[in-house]
There are 2 protein chains.
Amino acid sequence: MTKTIRSLERGLQVLKALNAAPISSLQDVHRLTRIPKPTLLRILLTLEQSGIVSRRLADGRYRVSSGLTRLTRKPDRYDRVAEAAAPVLDRLCQKVSWPSDLMVPAGDHLEVRETSRTQSPFMTYYSKDRVGMPVNWLLSAVGRAYLAYCPEHERKKVISLLRKSDRQENWLARDQKRLDEVLSETRERGYGLRDPAFVGGPYGTQAPDGLAGMAVPLRDGSRVHGVINIIWPRAARPIEDLVRDCLPDLRAAAEEIVAELRGHKSV
Amino acid sequence: MTKTIRSLERGLQVLKALNAAPISSLQDVHRLTRIPKPTLLRILLTLEQSGIVSRRLADGRYRVSSGLTRLTRKPDRYDRVAEAAAPVLDRLCQKVSWPSDLMVPAGDHLEVRETSRTQSPFMTYYSKDRVGMPVNWLLSAVGRAYLAYCPEHERKKVISLLRKSDRQENWLARDQKRLDEVLSETRERGYGLRDPAFVGGPYGTQAPDGLAGMAVPLRDGSRVHGVINIIWPRAARPIEDLVRDCLPDLRAAAEEIVAELRGHKSV
DNA sequence: ATCCTGCATTTCATCTGGTGGAAGGCATGC
DNA sequence: GCATGCCTTCCACCAGATGAAATGCAGGAT
């Protein structure tokens, strides 16, 4: 078992303390962290030389400097979803034994942002490099689940984009009546399924993957942050079995992810 | 001499590397940092348990998580100025032996955001707790330097605010003609001086501080980030002496601070 | 099949480098 | 004047960080 590094932990602890009290004397940090002062001096000197904190000339108090800000990346909306989903999908996979993907919109397709395929004992084709894989909007379980629950204007935008596409896989975008039927069915059912004629494979290919899947959206109010699914070899089990056994878990997972995202916001 | 903590330095180094390459395998981080992998594993585990990085389920790669974002504070405009000014004012004080303040607008007054009074060997009244001290807009050297160079609309806003004030120290706000004269003089001169009748002391008091001062703005294009000054006991030296000896240094300091602020932006 | 390569992870003997109690300075308050 | 509170330095101790070497593991080539 790998051990953690205590001195690094303490350094981060000091950083957190300085963030809770943005301008602090050594004494303040000491009160907050209970770390002995000589040690704090060394930690703060280290942080200072790394450009993470600086000292106020006026009174020598410490403050987090813009050095930390420069360490922070633009927070991509979907990155946060992926991060929140990862541990939940991991647990879900442990529980139901079948893997899941997290998919998010990406223009004329959805793309995989996270997956537990590597975790599943039964999924031999666990190609890594799965992240970023494009998936069809209108025929896949995930695309249908997303479109069925996302806000009206977002749905319209996607469909009008697909209507302009000349790929034959997007034919459904031009059959508004049939598409509305499909989406209503999805809403009534409460989860997304593949089109019976859809064989899977990345968007732009027709490589049959032999899988079946069911998908639920990550709904937060009227917003949809993405979709998660459960997939399994089509030959292994009929859809009804999986729905009966796993749908409640899948739904719980979706709710957990959304709750996590909500929590972050409030903090 | 206090030493720094190597393991903490390395932890921060990893954080910087992960920021340069937001999603990295252990190998990637190793290439970037040249730190041995077993050590990296321990560092990354520590960062992970502190919520600073997380691992992608799909392939186990590391990514900076929103935990870091939560460690970052809203960047107050003037805090960045203070931070950039601190080392420059420190050096300036070492060179000219007289201390400086950094002042920024704060409603109906300016306030001290940073000061090198503690550094000066000659300034016995170095009260700490100087940060936050309010200073008069229209009579002080700093206020005049700021108003002389800040954008029109900002000047108008300040003056109209002061016109509503019933403090007698703000009488000049109601004498537009005299005020314009004062500001023109300041511009021609190139630096701000106290009103001859102004005795100093915080805004709202008339406590004579026995000081003299000269002030230059931190000009960045049409913007003014704040003002820095040099102060000395009025009895010690006539203004002309200080202008001759120190004004070039003061101006250079102002330019250095502005350059630093510009640099941060571009990075 | 088998070998090979590249990467992640674990182990463990070595000894560096982090630690914190004690003491020294240096202001300010009484 | 002395007392107090805080920052800083010193230094002897040894926990804890370190990294070379070994192990494990998956994918690609032959």
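Biologist: Which strands does helix α5 of chain B lie across?

Modeller: In this predicted model, helix α5 (residues 77-96) of chain B lies across β4, β5, β8 and β9 of chain B. The helix runs at about 60° to β5(B).

Biologist: And the sheet under discussion, in what order do the strands of chain B come?

Modeller: The order is β6-β5-β4-β9-β8-β7 in chain B, six strands forming an open sheet with antiparallel pairing.

Biologist: Which strands stand at the edges?

Modeller: Those are β6 and β7 (192-193) of chain B. Each has a single partner strand, so one side of each is left without a neighbour in the sheet.

Biologist: Let's go back to β5(B). Is the strand largely enclosed or largely open, and why?

Modeller: Strand β5 (residues 109-115) of chain B is largely enclosed by the rest of the structure, because six of its seven residues are buried.

Biologist: How many bridges join β4(B) to β5(B)?

Modeller: Six bridges join strand β4 (residues 101-106) of chain B to β5(B), and the two run antiparallel. If you want a register to check, B:Pro105 stands opposite B:Leu110 in β5(B).

Biologist: What about the turn between β4(B) and β5(B)?

Modeller: The two strands form a hairpin with two residues between them. B:Gly107 sits in that turn and has a positive phi of about 75°.

Biologist: Nice. How many bridges join β5(B) to β6(B)?

Modeller: Two bridges join β5(B) to strand β6 (residues 134-135) of chain B, again antiparallel. On this side B:Leu110 stands opposite B:Val135 in β6(B). B:Leu110 therefore has a partner in each of two strands, with B:Pro105 in β4(B) as the other.

Biologist: And how do β8(B) and β9(B) pair?

Modeller: Strand β8 (residues 211-220) of chain B pairs with strand β9 (residues 223-233) of chain B over nine bridges, in the antiparallel sense. One of the opposed pairs is B:Asp220 with B:Arg223 in β9(B).

Biologist: Switching topic to the loop between β7 and β8 of chain B. Is B:Pro196 there buried or exposed?

Modeller: B:Pro196 lies in that loop. It counts as exposed, because it has 6 C-beta neighbours inside 10 Å. For a distance to check on screen, the C-alpha atoms of B:Pro196 and B:Ser120 are separated by 25 Å, with their places 76 residues apart along the chain.

Biologist: Now the two protein chains. How many residues does each give to the contact?

Modeller: The contact takes 51 residues from chain A and 51 residues from chain B. On the chain A side, the elements giving two or more residues are α1 (6-20), α3 (37-49), α4 (66-71), α5 (77-96) and β5 (109-115). The largest share there, eight residues, comes from α1(A).

Biologist: What is the make-up of that side by class?

Modeller: The side of chain A that touches chain B has 19 nonpolar, 18 polar and 14 charged residues.

Biologist: Can we zoom in on B:Ser7? Which residues is it in contact with?

Modeller: Leaving aside neighbours within four places in sequence, B:Ser7 is in contact with A:Ile5, A:Ser7 and A:Leu8. B:Ser7 is found in helix α1 of chain B. With 18 C-beta neighbours inside 10 Å, it counts as partly exposed. Its C-alpha atom is separated by 9.4 Å from that of B:Thr39, 32 residues apart along the chain.

Biologist: On to the DNA. Which residues come nearest to strand C?

Modeller: Of the 20 residues around DNA strand C, the nearest are A:Pro38, B:Arg6, B:Ser25, B:Leu26 and B:Gln27. Elements that each supply at least two residues of that surface are α1 and α3 of chain A together with α1 (6-20), α2 (26-33) and α3 (37-49) of chain B.

Biologist: And around strand D, which come nearest?

Modeller: There are 20 residues around DNA strand D, and A:Arg6, A:Ser25, A:Leu26, A:Gln27 and B:Pro38 come nearest. Two or more residues each come from α1, α2 (26-33) and α3 of chain A, together with α1 and α3 of chain B. By class, the surface near strand D divides into seven nonpolar, seven polar and six charged residues.

Biologist: Last one: what is the radius of gyration of chain A?

Modeller: Chain A has 24 Å, whereas a compact globule of 267 residues would have a value near 18 Å. Its C-alpha trace spans about 70 × 40 × 30 Å along the principal axes. Buried residues make up 40% of the chain.

Definitions and conventions. Residues are numbered from 1 along each chain as its sequence is written. Chains are lettered from A and ligands numbered from 1 in the order in which they are written. This is a predicted model: local features need pLDDT of at least 70, side-chain atom pairs count only at pLDDT 80 or more; totals for chains, interfaces and linings use all residues. A residue is buried if 20 or more other C-beta atoms lie within 10 Å of its own, exposed if 12 or fewer, and partly exposed in between; C-beta atoms are placed from the backbone. Helices (H or I, at least four residues) and strands (E, at least two) are DSSP runs, numbered from the N terminus. Two strands pair if DSSP finds at least two bridges between them. Two residues are in contact if their C-beta atoms, placed from the backbone, lie within 7 Å. Ala, Val, Leu, Ile, Met, Phe, Trp, Tyr, Cys and Pro count as nonpolar, Asp, Glu, Lys and Arg as charged, and the others, Gly among them, as polar. Axes are lines fitted to C-alpha atoms, for helices over the stretch in contact, and angles run from 0 to 180 degrees between N-to-C directions. A residue is near a molecule or strand if its C-beta atom, placed from the backbone, lies within 6 Å of it. The radius of gyration is taken over C-alpha atoms; the globule rule is 2.2 Å times the number of residues to the power 0.38.
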